Amino acid sequence: MYILKCNNGQYYTGSTTNLEARLLEHQAGLGANFTSKHLPVELVYYEEFKYIAEAFLREKQVQNWSKKKKEALIAGNVVELKFLSRKQKL
């Protein structure tokens, strides 16, 4: 599972079995429709999983997060991430 920062400041979350190849696709405009319109993109975060199904589930979870929550994950700010997680549940 990976997060890209697009040139418009928005984040794109995806999953793949080959991160290096997928990044090259995104940069060439062959990735997702969204990223092809907002090049260049920068890899800002990734997690590795044993099975692609696990990565896909994590992708869907993170896609639903706010920009602030994604930024806390990217920064490794566990305290902020926990705070934002509790805030979303209220």
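Lys 87 is exposed, with 52% relative accessible area, and sits in helix H5, which spans residues 78–89. The C-alpha atom of Lys 87 lies 30 Å from that of Ile 52, and 35 residues separate the two along the chain. These values, like the others in this report, come from a predicted model.

**Overall fold**

The chain contains five helices and three strands. Their order along the sequence is β-β-α-α-β-α-α-α. The radius of gyration is 13 Å, which agrees with the value near 12 Å for a compact globule of 90 residues. Along the principal axes, the C-alpha atoms fill a box of roughly 40 × 30 × 20 Å.

Of the 90 residues, 34% are buried. The chain has an accessible surface of about 6,000 Å², and carbon and sulfur atoms account for 54% of that surface. When contacts between residues at least 6 apart in sequence are considered, 50% of them join residues at least 24 apart.

A second exposed site is Thr 17, with a relative accessible area of 72%. Thr 17 belongs to the loop between S2 and H1. Its C-alpha atom is separated by 21 Å from that of Asn 64, which is 47 residues away along the chain.

**The aromatic pair**

A pair of aromatic rings is described by the distance of the centres and the angle of the planes. A search of the whole structure returns one such pair. Its members are Tyr 2 and Tyr 12, with ring centres 6.3 Å apart and planes at 45 degrees, a tilted arrangement. The pair links distant parts of the chain, ten residues apart: Tyr 2 is in strand S1 (residues 2–6) and Tyr 12 is in strand S2 (residues 11–14). Tyr 2 and Tyr 12 are both buried.

**Salt bridges**

Side chains of opposite charge can pair when their charged atoms come close. Across the whole structure, the search finds three salt bridges. They are listed below with the distance between the closest N and O atoms.

| Acidic residue | Basic residue | Closest N and O atoms |
|---|---|---|
| Glu 25 | Arg 22 | 2.9 Å |
| Glu 47 | Arg 58 | 2.9 Å |
| Glu 59 | Lys 60 | 3.8 Å |

Where do Glu 25 and Arg 22 lie? Both are in helix H1 (residues 19–27), three residues apart, or about one turn of the helix. An α-helix has 3.6 residues a turn, so residues three or four places apart point the same way. Arg 22 has a relative accessible area of 18% and is therefore buried, since the limit for that class is under 20%. Glu 25, at 34%, is partly exposed.

Glu 47 and Arg 58 form a salt bridge that links distant parts of the chain. Glu 47 is in the loop between strand S3 (41–46) and helix H3 (52–63), while Arg 58 is in helix H3, eleven residues apart from Glu 47. Both partners count as buried: Glu 47 has 18% relative accessibility, and Arg 58 has 17%.

In the salt bridge between Glu 59 and Lys 60, the acidic partner, Glu 59, is buried at a relative accessible area of 8%. Lys 60, by contrast, counts as partly exposed at 35% relative accessibility.

**Helix H4**

Helix H4 covers residues 67–75, and within it Lys 69, Lys 70, Ala 72 and Leu 73 are buried. Why do the buried residues of H4 line one face of the helix? Seen down the axis of H4, they fall within an arc of 155 degrees, so they line one face. The face turned away from this buried side carries Lys 68 and Ala 75, which are exposed. After H4 comes Gly 76, which has a positive phi, near 75 degrees.

Technical notes
Residues are numbered from 1 along each chain as its sequence is written. This is a predicted model: local features need pLDDT of at least 70, side-chain atom pairs count only at pLDDT 80 or more; totals for chains, interfaces and linings use all residues. Side-chain values use heavy atoms; hydrogens and water are left out. Rings of Phe, Tyr and Trp (its six-membered ring) pair if their centres lie within 6.5 Å; planes under 30 degrees apart count as stacked, over 60 as edge-to-face and the rest as tilted. Helices (H or I, at least four residues) and strands (E, at least two) are DSSP runs, numbered from the N terminus. Buried means under 20% relative accessible area, exposed over 50%, partly exposed in between (1.4 Å probe, protein chains only). The arc is that of the directions from the helix axis to the C-beta atoms. A salt bridge is a side-chain nitrogen of Lys or Arg within 4 Å of a carboxyl oxygen of Asp or Glu. The radius of gyration is taken over C-alpha atoms; the globule rule is 2.2 Å times the number of residues to the power 0.38. Contact means heavy atoms within 4.5 Å. Accessible areas come from the Shrake-Rupley method with a 1.4 Å probe; for residues, only the protein chains shown count as cover.
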